[in-house]
Amino acid sequence: MKKVAVFVVAFAAFIGQRVLYLRKLSLATRELPLNHLPNCLFLKNIENGAEDITILQDGLAILSTGLKFPGLPYFSNDPGKIYALDLWNPRLSPVELQIKGKLDLNSFNPHGISVYIDDDSDKSVYLFVVNHPKTESQVEIFLFVEADYALVHLKTVKHELLNSVNDVVAIGVESFYATNDRYFRNEALHTLSIILGSPWCSAVFYSPEDVRVVGDTFHSANGINMSPDKRYVYVSDILAHKIAVYEREKGNDLVHIKSVAVGSLCDNIELDHDTGDLWLGCHPNGAKFFSNDPKDPPGSEVIRIQNIHSELPVVTQVYADNGSVIIGSTVAAPYQGKLLIGTVYHKALCCDLK
């Protein structure tokens, strides 16, 4: 009987410790003072999220919309869509890109995206899209035909190492780095791994000739991107509240240099083409994000990292909202004094930077 009592006490202590751990992990007690930007406008036509956004150097933004993600609400049964937005056009009206090819559009469920411009040929533009048809995990490769505002589907990439892809950064016509945001596909095992704090998620290098894990100590590997000079790769370990910095080596291996604390649950990573600054769309309170209480909605936060390779990177909050304007930010993309902010299932915002 005494042994049973000792076990019960020990188990209760373990459960209590794990509850405290999860509250800390999710930043459950964090309240966010407002820090708004001027002249913010919702983008037309975007009603069901723009989970990822990337901007070409000429000012054309590509938006991934309509994601249906496990454990999160969605408000339309329509398939996901890809939009383009000309940031030089003051109307700020995204236009849906027509998808051509054999891809099943009825189950199209786009997540992270990345653009690759082939400098070795005719400057062809390729769009890589993480897709979750029927809860599967794969990467679609498209040729972007800007004159027709169309995407021509070229290839679907599936691999056992790409088991739960969240985001992708293209490094060639058919090659990329990708992140896996979970180790187990089974929901019960996935939840248990979070409770236990298991850092088993991975970053993967893919090419048609070679597929391998290049980083495998993430609690949940989320956004990924590359420096303008293509020397460094950045990965958001969202549950660790950190951005991991890697140097690319010959053969596309990655060597971890350091991690930078950001104090928030940061999702996708975009870069300023000119300065190399990192821009992060973040969830300031993960508990609110997953509970999704309409009376106390999840907020949004944008963080910028300057001089990330210096001994003292500068981490700055650029925008913060308590959910009264925009809910569940996932991406922040700057361009020429403008900032696009996207979300999982809400709207998308365009603001002026101060």
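Is Cys350 buried or exposed? With a relative accessible area of 2%, Cys350 is buried. The legends below concern a predicted model.

**Figure 1. Overall view of the protein chain, with three helices and 25 strands.** The C-alpha trace spans about 75 × 50 × 45 Å along its principal axes. A compact globule of 354 residues would have a radius of gyration near 20 Å, and the 20 Å of the protein chain agrees with this. Of the 354 residues, 53% count as buried. The accessible surface of the protein chain comes to about 16,300 Å², and carbon and sulfur atoms hold 55% of that surface. Among contacts between residues at least 6 apart in sequence, 54% join residues at least 24 apart.

**Figure 2. Close-up of the disulfide between Cys40 and Cys351.** The structure holds two disulfides, and the one shown here has its sulfur atoms 2.0 Å apart. This pair links distant parts of the chain, 311 residues apart. Cys40 lies in the loop between α1 (2-25) and β1 (41-42), whereas Cys351 belongs to strand β25 (residues 349-352). The link of Cys40 and Cys351 is right-handed, with 115° about the S-S bond. The two ends also have their own exposure classes: Cys40 is partly exposed, at a relative accessible area of 27%, and Cys351 is buried, at 0% relative accessibility.

**Figure 3. Close-up of the disulfide between Cys266 and Cys282.** The distance from S to S in this pair is 2.2 Å. With 90° about the S-S bond, the link of Cys266 and Cys282 is right-handed. Cys266 sits in strand β19 (residues 265-271) and Cys282 in strand β20 (residues 278-283), 16 residues apart. Cys266 is buried, with a relative accessible area of 1%. Cys282 is likewise buried, and its relative accessible area is 0%. When bonded cysteines are counted along the chain, the disulfides follow the pattern 1-4, 2-3.

**Figure 4. Close-up of Cys201 and Cys350, with the closest cysteine sulfur of each.** For Cys350, the closest cysteine sulfur is in Cys351, and the 6.7 Å between the two sulfur atoms is too far for a bond. For Cys201, the closest cysteine sulfur is in Cys266; because the separation is 17 Å, Cys201 is too far from that sulfur for a bond. The cut-off for a disulfide is sulfur atoms within 2.5 Å. Cys201 counts as buried, at 3% relative accessibility. Cys350 is buried as well, with a relative accessible area of 2%.

**Figure 5. Close-up of the open sheet formed by four strands in the order β11-β12-β13-β14.** The pairing in this sheet is antiparallel. Its edge strands are β11 (165-170) and β14 (210-218), each of which pairs on one side only. Neighbouring strands are turned by 20° against each other on average, direction ignored. Strand β13 (residues 201-207) is joined to β14 by six bridges, and these two strands run antiparallel. One bridge to pick out in this view has Ala203 as the partner of Gly215, which lies in β14.

**Figure 6. Close-up of the hairpin formed by β15 and β16.** Strand β15 (residues 221-226) pairs with strand β16 (residues 232-237) in the antiparallel sense, over four bridges. Ile224 stands opposite Val235, a residue of β16. Five residues lie between the two strands. In the turn, Lys230 has a positive phi of about 65°. Strand β15 is mostly covered, with six of its six residues buried.

**Figure 7. Close-up of Glu136 in the loop between β8 (125-131) and β9 (138-145).** Glu136 counts as partly exposed, at 36% relative accessibility. Leaving aside neighbours within four places in sequence, the residues in contact with Glu136 are Asn131, Lys158 and Arg185. Asn109 is 27 residues away from Glu136 along the chain, and the C-alpha atoms of these two residues are separated by 9.6 Å.

Methods. Residues numbered from 1 in each chain as written. Predicted model: local features only at pLDDT ≥ 70, side-chain atom pairs only at ≥ 80, totals over all residues. Heavy atoms only, no water. Pairing = 2+ DSSP bridges. Axes fitted to C-alpha atoms, helices over the stretch in contact; angles between N-to-C directions. Buried < 20%, exposed > 50% of the residue type's maximum accessible area, 1.4 Å probe, protein only. Contact = heavy atoms within 4.5 Å. Rg over C-alpha atoms; globule rule 2.2 N^0.38 Å. Areas by Shrake-Rupley, 256 points an atom, 1.4 Å probe, with all protein chains shown as cover.
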